[in-house]
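Walk through this structure with the coordinates open beside the text. The tour moves from a single residue to a sheet, then to pockets, charges and backbone angles.

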Amino acid sequence: MTNDVSQLREQRLPETLEVLFTGRILRLERYSVRQASGRIAKREVVRHPGGACVVAVDEDMCVTLVRQWRTPMDEVTLEIPAGKLDEGEGDPLACARRELREETGLRAANFELLTQMYTSPGYSDERLYIYLATDLSQGEDDPDEGEMIAPQRMPLREAASMVMRGQLPDSKTALGLMMAAAKLGQL
């Protein structure tokens, strides 16, 4: 086995780009790539502006999650507050602050970037930034039009246990909760 990653590189052939769909939050592209071996292959890629997520932990070591209906799974999920970067919004921290306020009414004096992640690198360029928010204060929520959300507060330790039992299968939520719980000694 070699550590030479140059044999893994693919060169995108821009003249083959086809835009298959452009929607409100994503764009689907198809194009050809030339592999290091010279072989030509097709790739389909979902382009997404990215987003930010917030693990909001209060002084009692409780986290605020949100329940919401997720049409792709046809079920209600329990997740950390999150949302996509708005057009022209290049700062993930500004997005995190906005989403926390909109979905929960919470404001945080302190934000710390825990990590950034690719949600599904096999077919999407979506990158999420996961923040730990502390020193919280409660205000009014302001959900997006058509967004139905129910905040739920619970001990961070309990939320981490739910991740370990497979009861919180959303990837950004699982990663964010486990990183926050580890950082704050709640595992």
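**A guided reading of the fold**

Leu 132 counts as buried, at 4% relative accessibility. The cut-off for that label is under 20% relative accessible area. The model is a predicted one, and every value below is computed from it. Leu 132 belongs to strand 9. Follow the chain from there to Glu 145. The two residues are 13 apart along the chain, and 26 Å separates their C-alpha atoms.

Stay in strand 9 for one more residue. Strand 9 covers residues 127-138, and Asp 135 is part of it. The phi of Asp 135 is positive, near 60°, and this residue is not a glycine. Most residues other than glycine have a negative phi. Asp 74 is another case: its phi is positive, about 60°, although it is not a glycine. Asp 74 sits in the loop between strand 5 and strand 6. With a relative accessibility of 58%, Asp 74 counts as exposed.

Now turn to the sheet. Three strands form an open sheet in the order 1-2-3, and their pairing is antiparallel. Strand 1 (10-22) and strand 3 (40-47) are at the edges. Each has a single partner strand, so one side of each has no neighbour in the sheet. From one strand to the next, the twist averages 25°. Strands of a sheet pair through backbone hydrogen bonds, either parallel or antiparallel. Look at the pairing of strand 2 (residues 27-35) with strand 3. These two run antiparallel, and eight bridges join them. One residue pair can be picked out by eye: Arg 30 has Glu 44 of strand 3 as its bridge partner.

The same three strands help to line a pocket. Strand 1, strand 2 and strand 3 each give at least two residues to the lining of the second largest pocket. Which strand gives the largest share of that lining? Strand 3 does, with four residues. The volume of this pocket is about 330 Å³. Its lining has 14 residues, and those nearest the centre are Glu 10, Arg 12, Tyr 31, Val 45 and Pro 121. By class, the lining of the second largest pocket holds six nonpolar, two polar and six charged residues.

The largest pocket comes next. Its space amounts to about 1,400 Å³. It is lined by 37 residues, and Ile 25, His 48, Arg 70, Glu 126 and Lys 172 are the closest to its centre. Several elements each contribute at least two residues to this lining: strand 5 (62-70), strand 6 (75-79), strand 7 (82-84), helix 1 (92-104) and helix 3 (171-183). The lining of the largest pocket divides into 15 charged, 11 polar and 11 nonpolar residues.

Charge also matters to the next step, the salt bridges. How many does the structure hold? There are 16 salt bridges. Begin with Lys 172, already met among the residues closest to the centre of the largest pocket. Lys 172 forms a salt bridge with Glu 79, and their closest N and O atoms are 2.6 Å apart. Glu 79 is in strand 6 and Lys 172 is in helix 3, so this pair ties together parts 93 residues apart in sequence. Are the two partners buried or exposed? Glu 79 and Lys 172 are both buried.

A second link into helix 3 starts from Lys 183. Lys 183 forms a salt bridge with Glu 112, with 3.0 Å between the closest N and O atoms. This pair links distant parts of the chain, since Lys 183 lies in helix 3 and Glu 112 in strand 8 (residues 106-118), 71 residues apart. Lys 183 is partly exposed at 46% relative accessibility. Glu 112 is partly exposed too, with a relative accessible area of 33%.

The last stop is a network. Lys 84, Asp 86, Arg 98, Glu 99 and Glu 102 are joined into one network by salt bridges that share partners. Within this group, the side chains of Arg 98 and Glu 99 meet in a salt bridge of 2.6 Å, N to O. Arg 98 and Glu 99 are both buried.

Note on methods
Residues are numbered from 1 along each chain as its sequence is written. This is a predicted model: local features need pLDDT of at least 70, side-chain atom pairs count only at pLDDT 80 or more; totals for chains, interfaces and linings use all residues. Side-chain values use heavy atoms; hydrogens and water are left out. Two strands pair if DSSP finds at least two bridges between them. Axes are lines fitted to C-alpha atoms, for helices over the stretch in contact, and angles run from 0 to 180 degrees between N-to-C directions. On a 1 Å grid over the protein atoms alone, a cavity is a set of points where a 1.4 Å probe fits but cannot get out, and a pocket is an open set with protein on both sides within 12 Å along at least five of seven lines; lining residues have an atom within 4 Å of a point. Grid points are joined across faces, edges and corners, and a volume is the space filled by probe spheres set on the points. Ala, Val, Leu, Ile, Met, Phe, Trp, Tyr, Cys and Pro count as nonpolar, Asp, Glu, Lys and Arg as charged, and the others, Gly among them, as polar. A salt bridge is a side-chain nitrogen of Lys or Arg within 4 Å of a carboxyl oxygen of Asp or Glu. Buried means under 20% relative accessible area, exposed over 50%, partly exposed in between (1.4 Å probe, protein chains only).
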